[in-house]
Amino acid sequence: MFSKTKVNLFLILFFFTLLSYLLLLFFFPHSFLAQLTNIFQSTLANFIFVVFFFMLIVLLGILGLSGLVDFFYGKLLKKQWQRTKLGKILVVQEFITKRELEEALSEQGLKIGEVLVQSGRITSDNLNEALVHQREVPQKLGCVLKEIGSSTDEDIKWALSRMGRKLGEILMDKGLITNYELYQALTLQRYGKIPI
């Protein structure tokens, strides 16, 4: 019945309202609002009445605001943070296969040495030598590769640019999707109109 968001909202509003009333009692003890809930002889009884009174007001407010909370949470927050992943959309729309998606995602996770080896710019032996040398001298792998003469500055910059690519760029570079197909998938992702 009550989501975590509604419970948190209730607690925030309840304590804010109660604190506001207590501050009103402290600074303006003779005001009409301060005297409004002073109906019992006992201070404790008045305090308990105030707590339940504000709980009821806030609870009714939350129930009335629940539609608004649902709107903001459902429409804005979910849309921002829980979008369907681009790869899933591309597979559902049959622009790519699951296997092609997995290959592209694995390419996204490659390290600089792996990118250079796969491209043929360095050999596996060059990479292993650089990794051994890197243990002795705490430097970035690109610097070590340049230092031992296995790679050039241009190769390192090229590899770094390959590592920073997004999924759509990788798939386009591989010729698996067109620019228009990527645009369609991104539009579906943005507006959440994906038949999954």
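On one side of helix H5, the residues Lys98, Arg99 and Glu102 are exposed, where exposed stands for over 50% relative accessible area, buried for under 20%, and partly exposed for what lies in between, computed with a 1.4 Å probe and protein chains only. The model is a predicted one, in which local features need pLDDT of at least 70 and side-chain atom pairs count only at pLDDT 80 or more, while totals for chains, interfaces and linings use all residues. Residues are numbered from 1 along each chain as its sequence is written, and side-chain values use heavy atoms, with hydrogens and water left out.

On the other side of H5, which spans residues 98-108, Leu101, Ala104 and Glu107 are buried. Seen down the axis of H5, these buried residues fall within an arc of 125 degrees, so they line one face of the helix; the arc is that of the directions from the helix axis to the C-beta atoms. The buried residues of H5 pack against helix H4 (86-92), helix H9 (153-163) and helix H10 (167-173), with contact taken as heavy atoms within 4.5 Å. The helices named here are DSSP runs (H or I, at least four residues), as strands are (E, at least two), and both are numbered from the N terminus.

Helix H9, one of the partners of H5, has buried residues of its own, namely Asp155, Ile156 and Ala159. Viewed down the axis of H9, they fall within an arc of 100 degrees, so they line one face of the helix, whereas Glu154 and Lys157, on the other side of H9, are exposed. The buried residues of H9 pack against H6 and against helix H8 (141-147). Asp155 counts as buried because its relative accessibility is 13%, and, residues up to four places away in sequence not being counted, Asp155 touches Leu116 and Arg121.

Two packed helices are described by the angle between their axes and the distance between the axes. Helix H6 (residues 112-119) and H9 pack at an angle of about 105 degrees, with their axes 9 Å apart, the axes being lines fitted to C-alpha atoms, for helices over the stretch in contact, and the angles running from 0 to 180 degrees between N-to-C directions. H6 is therefore roughly perpendicular to H9, on a scale where angles under 35 degrees count as roughly parallel, over 145 as roughly antiparallel, 65 to 115 as roughly perpendicular and the rest as oblique. From H6, the contact is made by Ile112, Val115, Leu116 and Ser119, and from H9 by Asp155, Ile156, Trp158, Ala159, Leu160, Arg162 and Met163.

Elsewhere, Ala130 lies in helix H7 (residues 124-136), and with 0% relative accessibility Ala130 counts as buried. If residues up to four places away in sequence are not counted, Ala130 touches Leu141, Val144, Leu145 and Ile148. Ala130 and Glu147 are 17 residues apart in sequence and 9.0 Å apart in space, C-alpha to C-alpha.

For the protein chain as a whole, there are 11 helices and zero strands, and 27% of the 196 residues count as buried. Among the contacts in the protein chain with a separation of 6 or more, residues 24 or more positions apart account for 62%.
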